[in-house]
Each structure stands twice: as C-alpha cells, then as structure tokens.
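The exercises below each set a task and then work through it step by step. Please keep the sequence and the coordinates at hand while reading.

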Amino acid sequence: MAVFVTRRIPAEGLRVLSQAGGCLVQQWDSEEPVPRAELLAGVAGKRGLLCLLSDRIDREVLEAAGPGLKVISTMSVGFDHLSLDEIKKRGIRVGYTPDVLTDATAELSVALLLAACRRLPEAAEQVKNGGWTTWKPLWMCGYGLSGSTVGIIGLGRIGQAVARRLKPFGVKKFLYTGTCPKSECAAEFAAEFVPLTRLAEESDFVVVTCALTPATQGMCNKDFFGRMKKTSVFINTSRGAVVNQDDLYDALAHGQIAAAGLDVTTPEPLPTDHPLLSLKNCVILPHIGSATYATRSTMAVLAANNLLAGLRGEPMPHELLL
Ligand code: NDP
Ligand code: DGY
C-alpha cells in the first residue's frame, strides 16, 4: 500500500502510518508546501494520498496518480481544495477531520473577535511606541459584546461552538443564516434564522464560519458591508474567498464598518504589502484556527487512520460522503 504524504505532519500521525503493516510511506518532509512538480511525481502510482488544505487536488493530480489511487485523506475539515467531481468520477474515497478541531477554532474565533473589537494589537503597539501618555477617557475605545446582536454565517460545528462561547459574554440576540433553518441546534442559543441581508443589517458582530462553496464564494461583498452598521465588527475564520477583500478594504477604510478580524485570506499568505495590512482596524492572523499542539496532533492521527481504513476497504472514522 504505497502512500504519499504531502508535508511534514505531527509525528503521532506519521507513526500511525509507519506502524501499520504493509504501508509504504513516501513523504514531502518539509514545513513548506510540496512544489507542484514534486506533488505530481510523488503521487504517481500511489494507492493513498494524505494531503493538506494548501494542496490543490484536481484532475491533473488525479491523472498523475493513475487509476491505482483509492483514497485521499485531507488533514483538514475544509475540503474546498479537493475537486470532488473528479474524485467521485474515479470512485476515490475521501477522509477529512471534522469535530476534533472545532474547540480550537471556536476559541481562536472568539480571541480574534475580542482582539478586533477591543483593538488589542493597536493598543499593545501604543505601549511599545510611546503612544501611551496617560489614561484618557476617549482613547482606545472599542465595542463590547454585552447586550449585542451576533450574526453567525453558517451555524455548523464551529458556528455553534462560537455561539456557545460568546453567550456568557452577555450577547442579547443571536441571528444565523445558512442553507436552511437548524431549529434543534439553534434552540440552545434561541438563535433566529434570517436572510443574509437582515443578518448584515442587525448584527453588531458578524462571524463567518461557513464552508467555502460556489454559493458562499464572495458572499460578503459591497452590498453586504454596505448594509452593516458603522459600529459593527466583521470576523472571518472560514475561508478567505467567502469575502470580497477589495470591498472589505473599502468598508474598513471609509468607516462603513468599525473593524474586522480575519484568520483566512486570499491568497494565503497575504502579501506583506496588501492594502488590508495598512489598516489599524483590521486584525489579520495567518490561518491558525486549529493551531494548538493537541489539535494538530489529533488531526494528523485522524487523517492517518482515515487513510488506513480507506486502504483496507474498511469504514473510515470520518469519511466525506460524495
Ligand atoms: P460544518 O459543515 O459543520 O459547517 C459548515 C456550515 O456552512 C454549515 O452550517 C452550513 O450551513 C454553512 N453553509 C453552507 N452553505 C452556506 C450558505 N450558502 N450560506 C451560509 N452558510 C452556509 O463545518 P465546520 O463548522 O466544521 O467548519 C466550517 C468551515 O470552517 C470549514 O469548511 C473550513 O473552511 C473552516 N475552518 C477554518 C479553520 C481555520 O483554521 N480558520 C479551522 C477549521 C475549519 P447549512 O447546514 O445550513 O448548510
Ligand atoms: C481546516 O481544517 O479546514 C482548517 O482550515 C485548518 O485546520
């Protein structure tokens, strides 16, 4: 069972593969992404592929792999980097890593929200650069969660975990949007299902936790930001492409919205001269939602177990149903 692993992953994950009888592992053993040519060469003739969200697995890769490829296991819950139509056509099974990263990502989403609404990076910078001269009544004020309305785009696993963590801050009302109402999940927060436009208009905080799909691509655009309140804060921990970044820049630069916090961008990494990085009211993190040691280790083990189960023709711990 020859497999290709596209990156250096936590040792626990690799151990699962190397201890499995009959699994021959070839790995791109680097912190940096595998170059496309190495990916195409590495996957050739393999039965299994363990990949990351930064690897675009499309027709070219599948053709380079050849008909022997039976399983793709991605060490991520997001699967927008996989060409599912092409994968399905070839009868390849796909494993992914839901649930195990929900807590870490929700925690980071809350941290980012607080950093953006209470202006933490900007304030910390003032301490270092001498901007802190005395206590001033109107200086470094931001917006708090108490009594607020929070709108969640995508009340899935992570969206619910975010709402659960925000509720004790004294949020008055939760709104959410998605493909259909989820009354059972929403009941815990008395969250109201509303159209995207109403969510934009009424929320003090918008948190994006949906999957990237053709329907969500570019969903947060000029019209969306134009409907938001001037005092509201926008947070995205899903995928960068859900947001039209030019429109977000305009909204932040012209005071259409108060602040934003992004853990995901397009492209990744965001070029260091990108206009969004020039704004004080935009906090940008390098896609670290799931980045706790324990979570990344668990993700690697799960991805390895998904791969092995697929190779053996057994039920996977977490299989994506195509
Ligand atoms: P889930 O599948 O549980 O949730 C995805 C949500 O997206 C669902 O609630 C779904 O709503 C919603 N959605 C789908 N289509 C639309 C739409 N057209 N409009 C609004 N909402 C929509 O996934 P998770 O919560 O586990 O993960 C969500 C995403 O978070 C991942 O796909 C990934 O991209 C991202 N992620 C980012 C991380 C980071 O490091 N920043 C870490 C982990 C995940 P419905 O049920 O109504 O279809
Ligand atoms: C995912 O899993 O989709 C995240 O973006 C990284 O953990």
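**Exercise 1.** Leaving aside its neighbours within four places in sequence, which residues is leucine 175 in contact with?

*Solution.* Before starting, note that this is a predicted model. The first step is to locate the residue: leucine 175 belongs to strand 7, which spans residues 173–177. The second step is to list its contacts beyond four places in sequence, which are Thr149, Val150, Gly151, Ile152, Glu192, Val194, Arg198, Leu199, Glu202 and Ser203. The third step concerns accessibility: leucine 175 counts as buried because its relative accessibility is 1%, and the cut-off for that class is under 20%. As a last step, a distance along the chain may be added, since the C-alpha atoms of leucine 175 and alanine 163, twelve residues apart in sequence, are separated by 10.0 Å.

**Exercise 2.** Determine where serine 232 is placed, and decide whether serine 232 is buried or exposed.

*Solution.* Begin with the secondary structure, in which serine 232 sits in the loop that runs between helix 10 (222–227) and strand 10 (233–236). Next, take the relative accessibility, which is 0%, so serine 232 counts as buried. Then examine the polar contact of its side chain, which reaches the backbone oxygen of lysine 229 at 2.6 Å. Finally, when neighbours within four places in sequence are set aside, serine 232 is in contact with Ser203, Asp204, Ile257, Ala258 and Ala259. Ser203 therefore appears in the contact lists of both serine 232 and leucine 175, given that contact means heavy atoms within 4.5 Å.

**Exercise 3.** Describe the surroundings of ligand 2, and state which protein atoms lie at a given distance from its oxygen atoms.

*Solution.* The first step is to write down the shell, which consists of Leu53, Ser76, Val77, Gly78, Leu101, Arg239, His287, Ser290 and Met299. Sorted by class, this shell has four nonpolar, four polar and one charged residues. The second step is to go through the polar contacts: a backbone N or O atom of glycine 78 lies 2.8 Å from an oxygen atom of ligand 2, while a polar side-chain atom of arginine 239 lies 2.7 Å from an oxygen atom of the ligand, and for histidine 287 a polar side-chain atom is likewise found 2.7 Å from a ligand oxygen. The third step is the area: ligand 2 taken alone exposes 230 Å², of which the protein buries 89%.

**Exercise 4.** Carry out the corresponding analysis for ligand 1, and find which residues come nearest to it.

*Solution.* There are 29 residues around ligand 1, and those that come nearest are Arg157, Ile158, Thr179, Lys182 and Asp263. By class, the shell has eleven nonpolar, 14 polar and four charged residues. Turning to the polar contacts, a backbone N or O atom of isoleucine 158 lies 2.9 Å from an oxygen atom of ligand 1. An N or O atom in the side chain of arginine 239 is 3.2 Å from an oxygen atom of ligand 1, and a polar side-chain atom of histidine 287 lies 3.4 Å from an oxygen atom of this ligand. As for area, the protein covers 86% of the 930 Å² of accessible area that ligand 1 has on its own.

**Exercise 5.** State which residues the UniProt annotation "domain: D-isomer specific 2-hydroxyacid dehydrogenase NAD-binding" covers, and give the helix and strand content over them.

*Solution.* According to the unreviewed UniProt entry, this annotation covers residues 110–289. Over residues 110–289 the chain is 31% helix and 15% strand, with the end C-alpha atoms 10 Å apart.

Key:
Residues numbered from 1 in each chain as written. Chains lettered and ligands numbered in written order. Predicted model: local features only at pLDDT ≥ 70, side-chain atom pairs only at ≥ 80, totals over all residues. Heavy atoms only, no water. Helix = DSSP H or I, 4+ residues; strand = E, 2+ residues; numbered from the N terminus. Buried < 20%, exposed > 50% of the residue type's maximum accessible area, 1.4 Å probe, protein only. Polar contact = N/O pair within 3.5 Å; in protein donor to acceptor, adjacent residues only side chain to side chain. Near = heavy atom within 4 Å. Areas by Shrake-Rupley, 256 points an atom, 1.4 Å probe, with all protein chains shown as cover. Nonpolar A, V, L, I, M, F, W, Y, C, P; charged D, E, K, R; others polar. UniProt positions renumbered as here; feature names shortened; annotations may be inferred.
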